[in-house]
Amino acid sequence: MKSVGNSVTTPRDLVCDEDAWLLLMILSESVAARLRELALKCTVVEISLRDTKLDSFTRQQKAESPTDNCLKIARAPFGLFRQNYS
């Protein structure tokens, strides 16, 4: 298996950083659980985002070390989100 991921279309607009953080934590926990089930660890984290105007971006970040930890996985895309989306 080359990748483990998760995506969602939210039922409402995310209006603040806290909304984005909570969603990323939920998605990251799902990914982390599957990584643990498969006895894998991630080395790269990616975020893809499309807004209400259908503008989108995709960014990747290499992990500091291989991990299956939800919090470590969530921090990377949240940082990318904050750096690349206002």
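**View 1. Leucine 38 and its surface neighbours in the loop after helix H1.** In this predicted model, leucine 38 sits in the loop that runs between helix H1 (17-37) and strand S1 (42-50). How exposed is leucine 38? Its relative accessible area is 41%, so leucine 38 counts as partly exposed. Leu38 teams up with Met1 and Leu40 in a nonpolar patch on the surface. Taken together, Met1, Leu38 and Leu40 offer about 310 Å² of accessible area.

**View 2. Alanine 39, with its positive phi.** Stay in the loop between H1 and S1, because alanine 39 is here too. Alanine 39 follows H1 and has a positive phi, near 55 degrees. That is the sign it takes although alanine 39 is not a glycine. Is alanine 39 buried or exposed? With a relative accessible area of 69%, alanine 39 is exposed.

**View 3. Helix H1 and its buried residues.** H1 has 21 residues, and the stretch from its first C-alpha to its last is 30 Å. That is close to the 30 Å expected at 1.5 Å a residue. Which residues of H1 are buried? They are Asp19, Ala20, Leu24, Leu27, Ser28, Val31, Ala32 and Leu35. An α-helix has 3.6 residues a turn, so residues three or four places apart point the same way. The cover over the buried residues of H1 includes S1, strand S2 (56-67) and H2.

**View 4. Arginine 12 with aspartate 19.** A search of the whole structure turns up three salt bridges, and here is one of them, between arginine 12 and aspartate 19. The closest N and O atoms of arginine 12 and aspartate 19 are 3.3 Å apart. Arginine 12 is partly exposed, at 49% relative accessibility. Aspartate 19 has a relative accessible area of 14%, so it counts as buried.

**View 5. Arginine 82 with aspartate 17, joining two helices.** The salt bridge in this close-up pairs arginine 82 with aspartate 17, and the closest N and O atoms are 3.0 Å apart. What parts of the chain does the pair link? Distant ones: arginine 82 is in helix H2 (residues 70-84) and aspartate 17 is in helix H1, 65 residues apart. At 52% relative accessibility, arginine 82 makes it past the 50% mark and is therefore exposed. Aspartate 17, at 30%, is partly exposed.

**View 6. Glutamate 29 with arginine 36.** Glutamate 29 and arginine 36 bring their side chains together in a salt bridge, 3.0 Å from N to O. Glutamate 29 is partly exposed, with 36% relative accessibility. Arginine 36 is partly exposed as well, with a relative accessible area of 40%.

**View 7. The hairpin of S1 and S2.** S1 and S2 run antiparallel, and eight bridges join them. What stands opposite leucine 49? The residue facing it is phenylalanine 57 in S2. In a regular strand the side chains alternate between the two faces of the sheet. The hairpin has five residues between the strands. Leucine 54 lies in that loop between S1 and S2. Its phi is positive, about 70 degrees, although leucine 54 is not a glycine. Leucine 54 is exposed, with a relative accessible area of 62%.

**View 8. Threonine 9 and leucine 49.** Threonine 9 belongs to the segment before H1. How far is its C-alpha from that of leucine 49? The two C-alpha atoms are separated by 9.9 Å, while the residues are 40 residues apart along the chain. Threonine 9 is exposed, at a relative accessible area of 73%.

**View 9. Helix H2 and what it packs against.** H2 has 15 residues and reaches 22 Å from its first C-alpha to its last. The expected value at 1.5 Å a residue is 21 Å, so to speak a close match. The buried residues of H2 are Cys70, Ile73, Ala74, Ala76, Pro77, Phe78, Leu80 and Phe81. Where do they pack? Their partners are H1, S1 and S2.

Methods:
Residues numbered from 1 in each chain as written. Predicted model: local features only at pLDDT ≥ 70, side-chain atom pairs only at ≥ 80, totals over all residues. Heavy atoms only, no water. Patch = residues over 30% accessible without salt bridge, like charges linked within 9 Å, V, L, I, M, F, W, Y side chains within 5 Å. Areas by Shrake-Rupley, 256 points an atom, 1.4 Å probe, with all protein chains shown as cover. Salt bridge = Lys/Arg side-chain N within 4 Å of Asp/Glu carboxyl O. Helix = DSSP H or I, 4+ residues; strand = E, 2+ residues; numbered from the N terminus. Buried < 20%, exposed > 50% of the residue type's maximum accessible area, 1.4 Å probe, protein only. Expected span 1.5 Å × (residues − 1). Contact = heavy atoms within 4.5 Å. Pairing = 2+ DSSP bridges.
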